[in-house]
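Student: I should like a close look at one part of this model, namely a patch on its surface. Please set that part in the context of the whole chain.

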Amino acid sequence: MLKIYFTSEDIARTRVARAVDPLWELVQSLHILRGQLDSALSDWRRSTTERLGQIGDHAGLRLLL
């Protein structure tokens, strides 16, 4: 878990994106798949890893990682 502390000046300068960034979502998903982040998504990690193993394209996954 990350804790971020903001001053009132920080909040005044903060902008929030209107939508998710697809590339950032991919990067975060790959980190979770590799187990680099503590996550409540262990069931997702297990099922996704199993599905990727069934596809058999390990070269493509290695390239992404």
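Tutor: The account below begins with the patch and then turns to the chain that carries it. The model is a predicted one. On its surface, a nonpolar patch is formed by L2, I4, F6 and I11. Taken together, these residues present about 490 Å² of accessible area.

One member of the patch, I11, can be placed within the secondary structure: this residue is found in helix α1, which covers residues 8-13. I11 counts as exposed because its relative accessibility is 54%, and the cut-off for that class is over 50%.

The helix that holds I11 belongs to a chain with four helices and zero strands. Read from the N terminus, the order of elements is α-α-α-α.

The overall dimensions give the setting for the patch. The radius of gyration of the chain is 16 Å, whereas a compact globule of 65 residues would have a value near 11 Å. Along the principal axes, the C-alpha atoms fill a box of roughly 50 × 20 × 15 Å.

Burial and surface composition may be considered next. Of the 65 residues in the chain, 6% are buried. The chain exposes about 6,200 Å², and 58% of this area is supplied by carbon and sulfur atoms.

As for charge, the chain carries 9 positive and 8 negative charges. The mean positions of these two sets lie 1 Å apart.

In summary, the patch combines L2, I4, F6 and I11, with I11 exposed at 54% relative accessibility, in a chain of which 6% of the residues are buried.

Technical notes. Residues are numbered from 1 along each chain as its sequence is written. This is a predicted model: local features need pLDDT of at least 70, side-chain atom pairs count only at pLDDT 80 or more; totals for chains, interfaces and linings use all residues. Side-chain values use heavy atoms; hydrogens and water are left out. Patches are made of residues with over 30% relative accessible area and no salt bridge: like charges are joined within 9 Å, nonpolar side chains (Val, Leu, Ile, Met, Phe, Trp, Tyr) within 5 Å. Accessible areas come from the Shrake-Rupley method with a 1.4 Å probe; for residues, only the protein chains shown count as cover. A salt bridge is a side-chain nitrogen of Lys or Arg within 4 Å of a carboxyl oxygen of Asp or Glu. Helices (H or I, at least four residues) and strands (E, at least two) are DSSP runs, numbered from the N terminus. Buried means under 20% relative accessible area, exposed over 50%, partly exposed in between (1.4 Å probe, protein chains only). The radius of gyration is taken over C-alpha atoms; the globule rule is 2.2 Å times the number of residues to the power 0.38. Lys and Arg count as positive and Asp and Glu as negative; His and the chain ends are not counted. The place of a charge is taken as NZ of Lys, CZ of Arg, CG of Asp or CD of Glu.
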